[in-house]
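Reader: I am new to this structure and would like a close look at a single part of it, the enclosed space inside the protein. Please take me through that part with care, and then set it beside other parts of the model.

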Amino acid sequence: MITSPPGKAQEWVWHLPVPPDILWPLLSDTARFNEAAGTPRYTVTESPNADGSVRRLAQAEYKGIRVSWDEEPYEWLAGQWFQQRRLFRSGPLRHLAVRFVLAPEQGGSRITYRLAAAPRGLLGQLLFLSGFMRKSGVAIEAMLRQAAAFAQHSRPLVFDYTPPPAPPGAAERLRSLTQALASGGYGHGLAEKLAQEIETAQEVDLVRMRPRRLATAWQAPLRHVLELCLDATKRGMLSMSWNLLCPRCGGAKSQVSTLAELPGQAHCPSCNIVYDGDFARNVEIAFQPALNLRPLAIGEFCMGGPHVSRHILVQQILDPGESRELAADLPPGDYRLRALEPGGEASISLGAGSGFPALLALPGPGNGSFTITPGPPAPAGCLRLENRTTRRLTLVIEDRGWRNEAVTAHEVTTLQAFRDLLPNQVLRPGETVAIEHVTLLFTDLEGSTALYERIGDGAAYRMVRRHFAFLAEEVRACDGTLVKTIGDAVMAAFADPAQALRAAIGVQRGIHRFNTKFHAKTAREGRPTLEAVTLKMGLHAGRCIAVNLNDRLDYFGSAVNLAARLQGRCRGGEIVLSQSLSQDPAVRPVLDGISQSEEVAELKGFDQPVPFLRLRP
């Protein structure tokens with residue numbers, strides 16, 4: 001370890017046997033880092049300034065001392081470094097600035113940590129005399145070595161952490177709920193993992209439990225984790241929230257417990273923008289432990305660090321007239337150039353071998369306004385940012401192709417378990433929600449009227465009911481939901497178009513198995529029949545609206561009508577899907593090896609002839 005001379009600024013260097021790309025996600029998770037280090041939670045009041053920027057006043061209490069400060073935005077270059085400065089209004093410090101730098105060396109990393117601080121008053125002087133700087137370096141080194149050991153799979157947790165004491169009786173309640181969850185139909189062998197998460201995880205993981213993150217950590221299918229969390233919510237082990245995520249920073253700025261409470265718009269005080277709730281993009285489902293199992297404190301461990309906004313690859317504060325060059329190579333892809341402060345933005349597509357365009361902030365037409373525009377390409381391995389305005393700006397380069405960990409409302413409401421376990425989670429009466437893209441499957445029995453006449457109403461009804469159960473099983477296995485039954489027909493919905501087609505293929509390939517089982521069952525019951533179920537199926541994907549109908553979520557629109565009309569063009573044992581759905585990149589591989597033919601037909605309610613594929617799986 002190399003240290004600079006002691007004083008109000010000190011620097012440490014450590015060498016760890018883990019490359020920077022492995023360490024970066026661990027060290028840039030500043031909220032987890034701060035919680036494990038024992039720093040107190042703090043509250044933040046965000047106030048808009050006249051120019052549209054946001055002032056953040058933070059407050060905390062530590063060992064009986066109340067502290068307040070102005071929270072400046074983090075700066076970072078993803079994978080390489082991050083830094084932040086706090087300007088204190090009260091407490092033993094005047095300011096505090098930290099900077100982490102990761103650099104590769106011989107298969108490992110060289111970590112440079114710089115701490116700069118200035119004392120205020122006698123209490124601040126005593127803090128420094130007691131070894132504040134030296135103790136900070138020792139604590140940081142210990143946590144860095146813990147993170148490196150975790151990355152090398154030699155310890156189970158990133159950082160040492162002791163959960164707060166549980167409420168009286170919490171252990172017994174959790175054990176009972178876990179047993180019930182494990183013995184139910186949605187446990188999937190994961191109930192003990194969920195219980196352990198509730199008991200031992202850091203609060204940063206529990207304040208917004210995201211099923212996609214849990215599925216990755218547990219190496220389990222997402223549907224299994226979602227079903228587990230939904231069942232745990234019904235049993236009182238978890239509470240559920242619907243969050244409106246800001247499209248800029250990704251923060252959950254509006255949280256409600258039911259779909260009926262979901263607002264159409266929300267305001268993000270961090271970005272100072274108003275944004276709409278998009279069911280398929282920025283309305284997510286998240287969970288928390290029940291209060292009687294693991295209560296969580298109020299406040300932040302860190303606000304706005306690199307880990308919170310992982311789609312932001314570069315965030316830099318530039319003074320008026322300042323230019324900055326950064327050594328970095330960004331891969332080909334789609335990017336957005338903007339500022340944290342409300343203003344213009346620009347989207348670019350970077351090709352292979354192209355220099356990254358300069359990010360230029362230019363004066364706008366109004367007083368204090370600005371525009372963002374791409375400038376000339378910078379040299380290879382370089383990023384250039386220029387603030388040509390008369391105001392301080394925080395400039396941002398973000399990855400437009402990055403996908404966060406959110407499970408959207410659209411994804412979860414197209415799961416059968418959601419409708420079965422939480423049937424009261426519906427929209428407000430009369431409200432509609434636009435769904436940008438949903439895949440709809442319609443099925444119907446071929447010759448059902450004749451079937452009732454041949455075998456009688458009772459036997460036919462039993463066959464129809466059992467075929468509904470068979471369809472529900474296949475649809476659920478492919479992450480879809482049965483929206484409703486219409487006589488002998490079924491309407492199902494899927495968030496993933498490829499899964500919808502897999503469900504349809506699975507049904508047609510499994511219908512012989514269903515008929516065989518049904519014949520065997522009726523023979524055992526003394527009501528033998530040799531009649532067989534033959535299905536017609538239609539598939540289409542597109543935009544529609546979600547509404548409440550008969551106290552259940554339902555879908556309406558031209559996409560729904562077209563899927564139903566395509567089912568009407570089907571003959572028994574086939575699948576008819578729209579040409580547009582067949583051309584979806586995720587669907588094309590599912591079609592490989594399936595007998596198919598292309599057709600065009602005029603369909604009722606549609607002005608132009610509709611092209612479609614007829615499949616015989």
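Author: The largest cavity holds about 50 Å³ of space, and since what you see is a predicted model, every value given here is computed from that model. The count of cavities of 30 Å³ or more comes to two. Lining the largest cavity are Phe418, Arg419, Leu422, Pro423, Gln425 and Val426, together with Asp551, Arg552 and Leu553. Two elements give two or more residues to this lining, namely helix H11, which spans 416-421, and strand E28, which spans 552-556. Sorted by class, the lining of the largest cavity consists of five nonpolar residues, one polar residue and three charged residues.

An open space can be set beside this cavity, for the second largest pocket has a volume of about 1300 Å³. It is lined by 40 residues, of which Thr39, Tyr62, Leu96, Phe132 and Ser136 are the closest to its centre. Among the elements that give two or more residues to the lining of this pocket are helix H2 (30-37), helix H3 (121-129) and helix H4 (132-151), as well as strand E4 (54-62), strand E8 (93-105) and strand E9 (108-119). Helix H4 gives the most, with six residues. By class, the lining of the second largest pocket divides into 28 nonpolar, seven polar and five charged residues.

Elsewhere in the chain there is an open sheet of four strands, whose order is E16-E21-E19-E20 and whose pairing is mixed. Its edge strands, each pairing on one side only, are E16 (323-327) and E20 (370-377). Averaged over the sheet and with direction ignored, neighbouring strands are turned by 15° against each other. Strand E19 (residues 357-363) and strand E21 (residues 382-387) run parallel and are joined by three bridges, and Leu360 stands opposite Glu386 in E21. In general, the strands of a sheet pair through backbone hydrogen bonds, either parallel or antiparallel.

A pair of helices completes this tour. The axes of helix H8 (residues 211-218) and helix H9 (residues 222-235) come within 9 Å and cross at roughly 120°. Angles of 65 to 115 degrees count as roughly perpendicular and those over 145 as roughly antiparallel, and H8 and H9 are therefore oblique to each other. The crossing in which H8 passes H9 is right-handed.

Terms used. Residues numbered from 1 in each chain as written. Predicted model: local features only at pLDDT ≥ 70, side-chain atom pairs only at ≥ 80, totals over all residues. Heavy atoms only, no water. 1 Å grid on protein atoms, 1.4 Å probe; cavity = no way out; pocket = protein on both sides within 12 Å on 5 of 7 lines; lining within 4 Å. Points joined across faces, edges and corners; volume = space filled by probe spheres on them. Nonpolar A, V, L, I, M, F, W, Y, C, P; charged D, E, K, R; others polar. Pairing = 2+ DSSP bridges. Axes fitted to C-alpha atoms, helices over the stretch in contact; angles between N-to-C directions. Parallel < 35°, antiparallel > 145°, perpendicular 65-115°, else oblique. Left-handed = near helix turned anticlockwise from the far one by under 90°.
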